[in-house]
Amino acid sequence: MSATRTPVTVIGLGPMGQAMAATLMRAGHPVTVWNRTPSRADDLVAAGATRADTPADAVAASDVVILSLTDYPAMYDILGPVVDDPRRVLAGRVLVNLSSDTPDASRAAAEWAAGHGADFVTGGVMVPAPAVGTPDAHVFYSGPKAVFDAHEPVLRPIGRPAYLGEDPGLAQLFYQAHLDVFLTSLASLLHATALVTAAGVPAGDFLPGALDLLTDIPAMIGDGRELARELEAGEHPGHLSTARMMGATADHIVRTSQRAGVDLALPDAVKSYYDRAIAAGHGDRNWTALFEVVRARP
C-alpha cells in the first residue's frame, strides 16, 4: 500500500486534531477519528472520515494512531480501557503522541506502550492549528528511528518532520524549550503594551514597532550558531551589552512599570537574573553570562 493510502487514526479532535485529520485526508489517507464529544467529528465525517464508536475501534482501524490530546494523562484515560479489549488492538500499533507534556511523561508513556506491544513516537507540532499542513509547519519527533523512518511519509503532510533521536523525551524537550521562548515573548509583548497604554498611548501606535523588534533580534545576536558556541564554552566577552548595563535597563523597566501601576512579576523576574549575574561577578561580561545563573549544575 502506498504512503498516500495508509490508514491513519486520529484520537482527539480539538482544533489541532481536526486540522491534522483534515490534512491527512487531503493527502489521500483513509482517516478514522474518535473524540469524547462525538459532534466534533461531524465535519470530518462529512468530508469522508470514518467515525469510530469506541477508542478500541479507533485503534483497531489503523496501524498508525495519532493522539492529539490535552496532555499525556488523557492518553491513559482513553487508551487504558483499550488494554482490556479482547482483540488486543494495541499490539503492533504505532502510537504517535502529538500532545503536550513533559519529557519524563513521554519516556514513561513509551514504556507503557511497549508493555502492551505498541511502538511509541513522541512529537511536538510547532505551529498553531491553522498552519498545520502548510509549508511553515514543522514537527519535532523522537523515538525508535526504524519506526519513525517507516512512517515518516505518513506523518510528513502534517508538517516538515525533524527527527531528534531515539530518546522519547527529546521531542517534548525541544517542544517545551521552544514554547519557553514563545510564551515568554508573548507575555513580554502584552506587558509592554500594558506599560504604554497606561500612559494613554493607543496599543496600535506601539505594537507594530514592537513586533518589528522581535523579528530584528536575529540581526542583533546572529543566527544562534556563534551564540551557542560561546554558551557551551562559557565565553561571555563583555564589550557592548554587559550584564551590568543590561541590568540597569532591567531596573529602569521595573521602576517604570511600578510607577505606571503595571504588574511587576515579569520585569522583576528578568531583573533578578541580572542582579544574580552581577552578584556572581559577571557584571562586566556580556549579557549572555545570565546563562551561568540559570543553567543546571552537575
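Guide: Welcome! Two strands count as paired if DSSP finds at least two bridges between them, and helices (H or I, at least four residues) and strands (E, at least two) are DSSP runs, numbered from the N terminus. What you see is a predicted model: local features need pLDDT of at least 70, side-chain atom pairs count only at pLDDT 80 or more, and totals for chains, interfaces and linings use all residues. Residues are numbered from 1 along each chain as its sequence is written, while side-chain values use heavy atoms and leave out hydrogens and water.

Visitor: How many helices and strands does the chain have?
Guide: The C-alpha trace of the chain spans about 65 × 45 × 30 Å along its principal axes. Its secondary structure comes to 12 helices and eight strands.

Visitor: What percentage of the 298 residues in the chain is buried?
Guide: A residue is buried under 20% relative accessible area, exposed over 50% and partly exposed in between, using a 1.4 Å probe and protein chains only. Across the 298 residues of the chain, the buried share is 40%.

Visitor: Which strands stand at the edges of the sheet?
Guide: The open sheet has eight strands with mixed pairing, in the order β3-β2-β1-β4-β5-β6-β7-β8. Each edge strand has a single partner, so one side of it is left without a neighbour in the sheet. Those edge strands are β3 (50-51) and β8 (160-163).

Visitor: In β2, which residue is the bridge partner of Val-8?
Guide: Strands β1 and β2 run parallel and are joined by four bridges. Within β2, the bridge partner of Val-8 is Val-31.

Visitor: Which residue in β6 stands opposite Leu-95?
Guide: β5 (residues 94-97) and β6 run parallel, joined by four bridges. β6 covers residues 119-125, and six of its seven residues are buried. Opposite Leu-95 in β6 stands Phe-120.

Visitor: Through which helix does the chain cross from β5 to β6?
Guide: This β-α-β crossover is right-handed. In other words, with the strands pointing away from the viewer, the path from the first strand over the helix to the second runs clockwise. The helix on the way, residues 103-115, is α5.

Visitor: At about what angle does α5 run to β6?
Guide: Axes are lines fitted to C-alpha atoms, for helices over the stretch in contact, and angles run from 0 to 180 degrees between N-to-C directions. Buried residues of α5 include Trp-112 and Ala-113, and their cover includes α4 (72-79), β5, β6 and α7. α5 lies across β5 and β6, and its angle to β6 is about 150 degrees.

Visitor: Which residue of β7 stands opposite Gly-124?
Guide: β6 and β7 (residues 138-142) run antiparallel, joined by four bridges. One of the bridge partners is easy to find: Gly-123 goes with Tyr-141 of β7. Opposite Gly-124 stands Phe-140.

Visitor: In β8, what is the bridge partner of His-138?
Guide: Four of the five residues in β7 are buried, and β7 pairs with β8 in the parallel sense over four bridges. The bridge partner of His-138 is Arg-160.

Visitor: Through which helix does the chain cross from β7 to β8?
Guide: Here too there is a β-α-β crossover, and this one is right-handed. The helix that carries the chain from β7 to β8 is α6.

Visitor: Which element gives the most residues to the largest nonpolar core?
Guide: A nonpolar core is a set of buried Ala, Val, Leu, Ile, Met, Phe, Trp, Tyr and Cys residues joined through side-chain atoms within 4.5 Å. The largest one has 32 residues, and Val-96 and Tyr-141 are among those with the most contacts inside it. Elements supplying at least two residues each include β1 (8-11), β4 (64-67) and α6 (145-155). With five residues, the top contributor is α1.

Visitor: How far apart are the end C-alpha atoms of helix α7?
Guide: The expected span of a helix is 1.5 Å times one less than its number of residues. Helix α7 (residues 170-197) has 28 residues, which means it should span 40 Å. The distance in the model agrees with this, at 41 Å.

Terms used
Contact = heavy atoms within 4.5 Å.
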